[in-house]
Structures are given as structure tokens and as C-alpha cells.
Amino acid sequence: MFIAHLPAGYICGKNLQQMFAKAGAPVKIFMLAAIVGGIAPDLDMFYFYLIDNRQTHHHMYWPHYPSVWLALLAVSGAWLYFAKQKSNAALACVFSISGCIHLLLDTVVGDVFWLAPISFQPFSFFTVPSVYKPWWLNFVLHWSFLLELFIVFSAVFIFRRNRTAAS
Ligand SMILES: [Zn+2]
């Protein structure tokens with residue numbers, strides 16, 4: 001997935017805002033945590049390009065291990081449940097949920113190693129055939145890119161609707 005992670009994080013934050021409202025985290029920080037969580041797994045791209053010299057599929061690095069994000073979600077969920085002051089726990093929760101959504105979206109057409117680090121068997125819902133060059137054109141011209149556009153336009157729609165409601 002190329003362009004939909006940030007807007008997906010935004011949509012996630014908007015959908016969970018009400019549910020977590022009682023935790024008392026400031027709305028802007030809550031949304032920031034959701035958006036940063038939505039793109040956080042891809043921060044391993046820096047390692048991929050700058051240090052690893054593109055030798056390993058970046059989905060094989062630990063920021064793309066579902067086990068890492070599910071563990072984060074479990075820990076932050078427990079923190080939220082038991083904490084007296086819940087605002088930071090709510091931020092950790094929405095960050096983790098957004099990170100999990102990132103991995104689900106990556107699984108649509110990109111290989112995600114759902115059992116890592118136990119097994120490195122890749123999973124994806126669909127395969128993008130390699131027809132065009134450069135490689136990214138295969139993804140942009142694949143039907144799954146419509147899903148990305150749908151997520152982007154949904155986020156824009158929600159953003160504009162909120163601004164209209166606020167003014
Ligand atoms: Zn990713």
C-alpha cells in the first residue's frame with residue numbers, strides 16, 4: 001500500500017475518537033497518535049534504503065511483524081483498562097490499533113509475514129502480477145489501487161465534513 005496509510009490512520013482516529021473520549025486525551029494529540037501509528041511500520045523504509053541497501057524485503061523487519069503490533073495492542077489495552085489516568089494509555093491504544101490496520105492494509109497485495117518471527121511464510125490476499133516497469137506501476141495500475149483511492153477520498157470527505165461542522 002502506497003498512499004492510503006496516513007489517511008487510514010486519520011479515519012481510524014476519527015472513528016475511535018468518541019469511544020476513547022472519556023480517557024481525556026486531547027483530541028489533536030489523539031488524532032496525531034492515530035496518524036503516526038498508521039505510518040509507523042513504514043519507518044523501517046529508512047533502514048531499508050539508508051542502511052540495509054535494499055537487500056531485505058522491508059516487511060521482514062520487526063516494525064512489520066504483526067506479533068509486535070498485537071503485543072503493543074495487548075499491553076496498551078491492559079494499560080488502558082487498569083490505569084487510573086487513562087489519557088496516555090488511550091494514545092498508546094489508538095497508535096497500536098492504527099499500526100495493526102497498517103499491516104492489514106499491507107496484506108491486501110503486499111506480503112506480510114503474519115507468523116514472524118516464528119515463520120517467514122508470506123501472506124497476501126491478492127497478488128499483483130509483474131507486467132510493467134518501473135515496479136510501482138504494477139501496483140498503481142492494479143485494481144487494488146482503487147481501494148487506496150477510496151481510503152484517501154473517504155479521509156478527505158470526513159475531514160471536510162468536520163471542518164464544515166466546526167465552522
Ligand atoms: Zn507497510
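Is W135 buried or exposed? In this predicted model, W135 has a relative accessible area of 51% and is therefore exposed, given that the exposed class begins over 50%. The aromatic residues around W135 are taken up again below, once the overall fold and the metal site have been described.

The chain contains 7 helices and 0 strands, and its elements run α-α-α-α-α-α-α from the N terminus on. Its radius of gyration is 17 Å, close to the 15 Å that the globule rule gives for 167 residues, so the chain is as compact as a globular protein of that length. Along the principal axes, the C-alpha atoms fill a box of roughly 50 × 40 × 30 Å. Of the 167 residues, 41% are buried. Contacts across the sequence are also well represented: among those between residues at least 6 apart, 60% join residues at least 24 apart.

Helix 5 covers residues 87–109. Its 23 residues should span 33 Å at 1.5 Å a residue, and the C-alpha atoms at its ends lie 35 Å apart, which agrees. Within helix 5, 18 of the 23 residues are buried, so the helix is largely enclosed by the rest of the structure.

Helix 5 also brings us to the metal site. A zinc ion is coordinated by D42 through OD, H64 through NE2, H102 through NE2 and D106 through OD, at 2.0 to 2.3 Å. In sequence, these donor residues follow the spacing D-x21-H-x37-H-x3-D. The two histidines link distant parts of the chain: H64 sits in the loop between helix 3 (44–51) and helix 4 (66–82), while H102 belongs to helix 5, 38 residues away. H64 counts as buried because its relative accessibility is 0%, and H102 is likewise classed as buried, at 1%. What is the geometry of the zinc site, judged from the angles among its 4 donor atoms? Those angles run from 89 to 169°, and the site is irregular. A tetrahedral assignment would need all angles to lie between 85 and 135 degrees, so the upper value of 169° rules it out.

Turning to the aromatic residues, a search of the whole structure finds 12 pairs. One of them joins Y65 and F120, whose ring centres are 5.8 Å apart and whose planes meet at 65°, so the pair is edge-to-face. This pair, too, links distant parts of the chain, with Y65 in the loop between helix 3 and helix 4, and F120 in the loop between helix 5 and helix 6 (136–140), 55 residues apart. Y65 is buried, with a relative accessible area of 13%, whereas F120 is partly exposed at 35%.

W135 and F139 make up another edge-to-face pair, because their planes stand at 80° with the ring centres 6.1 Å apart. W135 is exposed, but F139 counts as partly exposed, at 22% relative accessibility. Together with F2, these two residues form one aromatic cluster.

A last long-range link concerns helix 7, which spans residues 144–166 and includes V156. V156 is partly exposed, with a relative accessible area of 41%. Its C-alpha atom is separated by 9.6 Å from that of Y10, although the two residues are 146 residues apart along the chain.

Definitions and conventions. Residues are numbered from 1 along each chain as its sequence is written. This is a predicted model: local features need pLDDT of at least 70, side-chain atom pairs count only at pLDDT 80 or more; totals for chains, interfaces and linings use all residues. Side-chain values use heavy atoms; hydrogens and water are left out. Donors are N, O and S atoms within 2.8 Å of the metal (3.2 Å for Na, K and Ca); water is not among the atoms, so sites may look incomplete. Four donors count as tetrahedral if all angles lie between 85 and 135 degrees; four count as square planar and six as octahedral if opposite donors are over 155 degrees apart and all others between 65 and 115; anything else is irregular. Helices (H or I, at least four residues) and strands (E, at least two) are DSSP runs, numbered from the N terminus. Buried means under 20% relative accessible area, exposed over 50%, partly exposed in between (1.4 Å probe, protein chains only). The expected span of a helix is 1.5 Å times one less than its number of residues. Rings of Phe, Tyr and Trp (its six-membered ring) pair if their centres lie within 6.5 Å; planes under 30 degrees apart count as stacked, over 60 as edge-to-face and the rest as tilted. The radius of gyration is taken over C-alpha atoms; the globule rule is 2.2 Å times the number of residues to the power 0.38. Contact means heavy atoms within 4.5 Å.
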